[in-house]
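Please open the model in your viewer and keep the sequence panel beside it. The stops below say what to select next and what is to be found there.

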Amino acid sequence: MRQKPFRRGNLSSGASQSGVVLFVALIVLIVMTLAGLGLLRQMSAGNAIAGNVAFKENATSTADAGTEAARQWLIDTAATNLASLNADVAASGYFSTWAGGVDPTQYDWTQSGSNTLDASTGSRVRYIIHRLCETAGLDPADPSQRCSDRPGGPNNAGGVGYGTGSPSAFSSPIPFYRITTRVDGARNTISYTQVLMY
């Protein structure tokens, strides 16, 4: 039986083809690795954004505790001595005038005029209260006092609302109060809320 002569050309072309396949496979592997790393990084960024939004929402909802504490302080103080609301009570975070305004981002929340609460979420909640009247020390019913207010009820009953009765039927006006709350939450989250109430 005769054997075919060995051809050197066939062997060399097969070896060069297998070298190209290895090179292409390495390139595909590198591209797939880079794509996987990019996807992993994108997922991490998405999780971080979702986490930050959750922390911000938690801080904003926790601000209700500060608003409720400030409201309760106003109710208790008015029930005990209503005239005491005509003057500042800086130790309780209460200011009897709108003078100077307040920018929550610039206000010094570390001073004694702000209250601190320990919320169950681990956030620090602080509030300040401004009576929306022009002059400190004056009663809202004083003729020289200017307040953002609603009329009081007949004979100080309150709660009648606008447009009912004659102006002389109303006794003293009821001033509005602005409660500004700051919450320091997790991951340096800071949230501000403001509520107007009377």
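Contact here means that heavy atoms lie within 4.5 Å of each other. On that basis, residues 24 or more positions apart account for 53% of the contacts in the chain with a separation of 6 or more. Please bear in mind throughout that this is a predicted model.

**The whole chain**

Begin with the entire chain shown as a cartoon, where the secondary structure comes to one helix and seven strands. Followed from the N terminus, the elements run α-β-β-β-β-β-β-β. If you then switch to a surface representation, the accessible surface comes to about 12900 Å², and 59% of that area belongs to carbon and sulfur atoms. Of the 198 residues of the chain, 28% count as buried.

**The helix**

Select helix H1, residues 8-81, in which Val31 has its place. Now display the side chains of Val20, Phe23, Val24, Ile27, Val28, Val31 and Met32, which make a nonpolar surface patch of about 660 Å².

Next, move along helix H1 to Glu68 and Arg71, two residues that both lie in this helix, three residues apart, or about one turn of the helix. Their side chains meet in a salt bridge, with a distance of 2.7 Å from N to O. Are these two partners buried or partly exposed? Glu68 counts as partly exposed because its relative accessibility is 38%, and Arg71, at 29% relative accessibility, likewise counts as partly exposed. This pair belongs to a wider set, since a search of the whole structure finds four salt bridges.

**The disulfide and the loop between E3 and E4**

Select Cys133 and Cys147 together and show their side chains as sticks. A disulfide is a covalent bond between the sulfur atoms of two cysteines. The structure holds one disulfide, formed by Cys133 and Cys147 with their sulfur atoms 2.0 Å apart. Looking along the S-S bond, you will find that the link of Cys133 and Cys147 is right-handed, with an angle of 105° about that bond. The pair links distant parts of the chain, with Cys133 in the loop between strand E3 (124-131) and strand E4 (149-150) and Cys147 in the loop between E3 and E4, 14 residues apart.

How accessible are the two cysteines? Cys133 is buried, with a relative accessible area of 0%, while Cys147 counts as buried at 17% relative accessibility, because buried means under 20%.

Keep Cys147 selected and expand the view to its surroundings. Leaving aside its neighbours within four places in sequence, Cys147 is in contact with Trp98, Leu132, Cys133 and Pro140. The C-alpha atoms of Cys147 and Glu134, which are 13 residues apart along the chain, are separated by 6.1 Å.

Glu134 is the residue to select next, together with Arg146. Glu134 forms a salt bridge with Arg146, and the closest N and O atoms are 3.2 Å apart. Both Glu134 and Arg146 lie in the loop between E3 and E4, so the pair ties together parts that are 12 residues apart in sequence. Glu134 is partly exposed, with a relative accessible area of 34%.

**Strand E6 and a salt-bridge network**

For the last stop, select strand E6, residues 177-184, and go to Asp184, which is found in this strand. Which residue does the side chain of Asp184 meet in a salt bridge? The partner is Arg182, at a distance of 2.9 Å from N to O, and the side chains of Asp184 and Arg182 are also listed as making a polar contact of 2.9 Å. Adding Arg126 to the selection completes the picture, since Arg126, Arg182 and Asp184 are linked in a network of salt bridges.

Arg182 and Asp184 are both buried; for Asp184 the relative accessibility is 17%, and Asp184 therefore counts as buried. Finally, expand the selection around Asp184: leaving aside its neighbours within four places in sequence, Asp184 is in contact with Ser123, Arg124, Arg126, Thr189 and Ile190.

Notes. Residues are numbered from 1 along each chain as its sequence is written. This is a predicted model: local features need pLDDT of at least 70, side-chain atom pairs count only at pLDDT 80 or more; totals for chains, interfaces and linings use all residues. Side-chain values use heavy atoms; hydrogens and water are left out. Helices (H or I, at least four residues) and strands (E, at least two) are DSSP runs, numbered from the N terminus. Buried means under 20% relative accessible area, exposed over 50%, partly exposed in between (1.4 Å probe, protein chains only). A polar contact is a pair of N or O atoms within 3.5 Å; within protein, one must be able to donate a hydrogen and the other to accept it, and residues adjacent in sequence count only if both atoms are side-chain atoms. Patches are made of residues with over 30% relative accessible area and no salt bridge: like charges are joined within 9 Å, nonpolar side chains (Val, Leu, Ile, Met, Phe, Trp, Tyr) within 5 Å. Accessible areas come from the Shrake-Rupley method with a 1.4 Å probe; for residues, only the protein chains shown count as cover. A disulfide is a pair of cysteine sulfur atoms within 2.5 Å.
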